[in-house]
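Trainee: Please take me through one helix pair in close detail. Then show me where it sits in the wider picture.

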Amino acid sequence: MTGDSLIYKYIDINTPKAKINYSYSKYGGELFLSSYFNLRKDVIFDERKAWAPILNINSTVTSELMFNKWINDLQKNFQFDRKELNLLLKRFEVTKKVFENYDQNYRPVDKLKFLNLRLYVLFSFILSLTYKKYGNLQYLNSLLKVNDINISNINKLDEETKNILYLSIKYEITFVKELRDKTK
Amino acid sequence: MKSKILLLAGNTLRARAYGQQLQNLNPDLFEIEGLLYGFPEKDCIIPNLNSETKIFVEQQGLFIPKFDESIEITFSKNNWSFSKVDTIDVNSRAILKEIEEKDCDIVVFAGYGGQLLKDGHFVSNKRYLHMHPGKLPSERGSTTIFYSILNQRKITVTAFYMTEKIDAGQNIIYKEYAIPSKGVDVDRWYDNIVRADCFVSALKFLNTNDATMKQMADDSEEYYIIHPVLKHVALLSL
């Protein structure tokens, strides 16, 4: 990590058990944004190949199967009903957790099963695809938050999952740069 | 007939802004009372008014509150009565009981950040007025002022009657404000100033009209606390 990445303080190895607090965040000007970009770039510096994400279709985790389907639908430009994603996004924003199983109202079936880190990466990838497709800022907002969790835990991810995260972070950086250009 | 207003106030900048704006109402038309809570537990940190904020707000013709004036002083100066409840829990039985016993038509909520009013508040015939920085029903949720800047829309504040559902209820009025210029303190000054301005306009409106604006079913979007990166992109765009 470069020195000024220390200014970006939204990385916490205690996530997802602990929640990162984003309320009333202090203004740090250009220096803050530059520390954000440097931190993200440091993470993807390690990227060796531009792999396409490899999904585990044999997973036994219900949320992973659901995420696989969403990724497939979004990548192939199939019809995608955002109502379910929006409900999941709401749950994530409240809890800052992604659970292994949800009921039909997207409430967690078992509130203790939130430590599957691959789910956070898949969720991040879904958010990058949905922001790319629809451009709603809520998706980019949650993408930044879930990637804070993912980067906090990057050393615990396997190589295939890391690769999906690299793709998602690349998207995220592009989106933030595009938004800056658009609003300048 | 006088409208009876109860300000349900924490030791917050917003409560001070609302309290001071109430001085701009005709005392023959309004009767003001206060219910202050959580004061021993919470300090109110007074932010510096930087020159960019002062100049911009003055250009807009908006009222600049004196944040170093406590809500107790504002109430005492105006001979408005107030009582205090020694709890920070806005949904506590003590606060609900106090509100129930007050003879008021409208309760104005100016509590602590992140607090939500629960069902117990909405069982009586008292109406709860809230000012939301966003155009309801389309811009629901949190930190919407920054999303408005990013979406290059005007800043809108909606005055509405609250229900137990977040940012849903009957709209009273909404007012539009200019996007702030560079260096304006949005969180602590501009947000409170525009809400307080809309607040007093809503009370004046209600004094002569009924809340007639209906919430419409639409494709509303719910915003969540803005990530610091997006907040910086918004503020750096000014």
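Mentor: Take helix H2 (residues 62–75) of chain A and helix H4 (residues 117–134) of chain A: their axes come within 10 Å and cross at roughly 25°. This is a predicted model, in which local features need pLDDT of at least 70, side-chain atom pairs count only at pLDDT 80 or more, and totals for chains, interfaces and linings use all residues. Residues are numbered from 1 along each chain as its sequence is written, while chains are lettered from A and ligands numbered from 1 in the order in which they are written.

Helices (H or I, at least four residues) and strands (E, at least two) are DSSP runs, numbered from the N terminus. Axes are lines fitted to C-alpha atoms, for helices over the stretch in contact, with angles from 0 to 180 degrees between N-to-C directions. Angles under 35 degrees count as roughly parallel, so H2(A) and H4(A) are roughly parallel to each other.

Now the contact (C-beta atoms, placed from the backbone, within 7 Å). H2(A) contributes Ser63(A), Glu64(A), Phe67(A), Trp70(A), Ile71(A), Leu74(A) and Gln75(A). From H4(A) come residues including Leu122(A), Phe123(A), Ile126(A) and Lys133(A). By class, the contact has ten nonpolar, three polar and three charged residues. Nonpolar means Ala, Val, Leu, Ile, Met, Phe, Trp, Tyr, Cys and Pro; Asp, Glu, Lys and Arg are charged; the others, Gly among them, are polar.

Two H4(A) contact residues, Phe123(A) and Ile126(A), recur elsewhere. They are among the residues that touch the most other members of the largest nonpolar core, which has 105 residues. Such a core is a set of buried Ala, Val, Leu, Ile, Met, Phe, Trp, Tyr and Cys residues joined through C-beta atoms within 7 Å; buried means 20 or more other C-beta atoms within 10 Å of a residue's own. Its largest share, twelve residues, comes from helix H6 (residues 186–208) of chain B.

Note on methods. Parallel < 35°, antiparallel > 145°, perpendicular 65-115°, else oblique. Buried ≥ 20, exposed ≤ 12 C-beta atoms within 10 Å, placed from the backbone.
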